[in-house]
Amino acid sequence: MKGFAPGFVLATLLTAAVANAQTPAAPAPATQKPAPAPAPAAPAPAAATPAPAPKPFPEGAKIAYVVLQRVANESGEGKASTAKIQALQQKKAAELNDKNKQLQTLQQRLEKEGSVMSATAQADVQKQIERIQVELQRFTQDAQQEIQDLQNQLMQQFEVRIQPILQQVGQEKGLHFIYNAPDSGIVWADPGLDVSNDVIKKLDAASKAPVK
């Protein structure tokens, strides 16, 4: 499946935690003003317009297209893969945050106590700072590679799973070709030729089927 992209995004590991200061409540006025008259009742919300029904597949068509990006995003298997990536990202981000705190603690200690430390003590703290800085650099590189490896592994598994589904959809509809719309150079196509919904449904059904 040339050009297939599962749509998993590698999140940035270094995230800054911003503490939101709470604004103190304003003191109550000395004299209480009379309560304003109640506002008129809001009109009932209009009924939501139902989404248009999918356009039927053109009878006799021998060519169709699929949006594999959408299949990866909306199918149960694709969502499970995305959750695995996010869990690993969060784990690595937490570990990185711990190392950053260690570095900040040592730097603050050197800033506050450096003037009263002995030369030996200062050198020891500085060595610790440099060691953690090297560890942070290596950890970040390793974490990015680990996430990339997991992403590649899940993408390969997804490709293996999607191939027989595409073949089944193609055979059921009597198709000669199924294009991956984003990578095929298509600039316009009849929306009815989009078989993404069929692929998602069959992929979800295959994922839930008991293993024989």
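Helix 3 and helix 4 cross in a right-handed way. That crossing is a handy place to start in this model, which is a predicted one.

Here is the overall layout. The protein chain holds four helices and two strands, and read from the N terminus the order of elements is β-α-α-α-β-α. Of its 212 residues, 25% count as buried. As for contacts with a separation of 6 or more, 88% of them in the protein chain come from residues 24 or more positions apart.

Now for the helix packing. Two pairs are set out below.

| Helix pair | Angle between axes | Axes apart | Contact residues by class |
|---|---|---|---|
| Helix 2 (residues 76-113) and helix 3 | about 175 degrees | 9 Å | 16 nonpolar, twelve polar, nine charged |
| Helix 3 (residues 119-173) and helix 4 (residues 196-208) | about 120 degrees | 9 Å | eight nonpolar, two polar, five charged |

What does the angle make of helix 2 and helix 3? They pack at about 175 degrees, and angles over 145 count as roughly antiparallel, so helix 2 and helix 3 are roughly antiparallel to each other. Helix 3 and helix 4, on the other hand, sit at about 120 degrees. That value falls outside the roughly perpendicular range of 65 to 115 and is not over 145, so this pair is oblique.

Which residues does helix 3 bring to its meeting with helix 4? From helix 3 come F158, R161, I162, I165, L166, Q168, V169, E172 and K173. Across from them, helix 4 offers D198, V199, K202, L203, A206 and S207. Sorted by class, the residues of this contact are eight nonpolar, two polar and five charged.

Helix 4 has another residue worth a look, S196. Is S196 buried or exposed? Its relative accessible area is 0%, and buried means under 20%, so S196 is buried. Leaving aside residues up to four places away in sequence, S196 touches Y65, V66, V67, R70 and V71. One of these, V67, has its backbone nitrogen 2.9 Å from a polar atom of the S196 side chain.

Put together, helix 3 packs against helix 2 in a roughly antiparallel way and obliquely against helix 4, while S196 in helix 4 touches residues including Y65 and V71.

Technical notes: Residues are numbered from 1 along each chain as its sequence is written. This is a predicted model: local features need pLDDT of at least 70, side-chain atom pairs count only at pLDDT 80 or more; totals for chains, interfaces and linings use all residues. Side-chain values use heavy atoms; hydrogens and water are left out. Axes are lines fitted to C-alpha atoms, for helices over the stretch in contact, and angles run from 0 to 180 degrees between N-to-C directions. Angles under 35 degrees count as roughly parallel, over 145 as roughly antiparallel, 65 to 115 as roughly perpendicular and the rest as oblique. A crossing is left-handed if the near helix is turned anticlockwise from the far one by less than a right angle, and right-handed if clockwise. Contact means heavy atoms within 4.5 Å. Ala, Val, Leu, Ile, Met, Phe, Trp, Tyr, Cys and Pro count as nonpolar, Asp, Glu, Lys and Arg as charged, and the others, Gly among them, as polar. Buried means under 20% relative accessible area, exposed over 50%, partly exposed in between (1.4 Å probe, protein chains only). A polar contact is a pair of N or O atoms within 3.5 Å; within protein, one must be able to donate a hydrogen and the other to accept it, and residues adjacent in sequence count only if both atoms are side-chain atoms.
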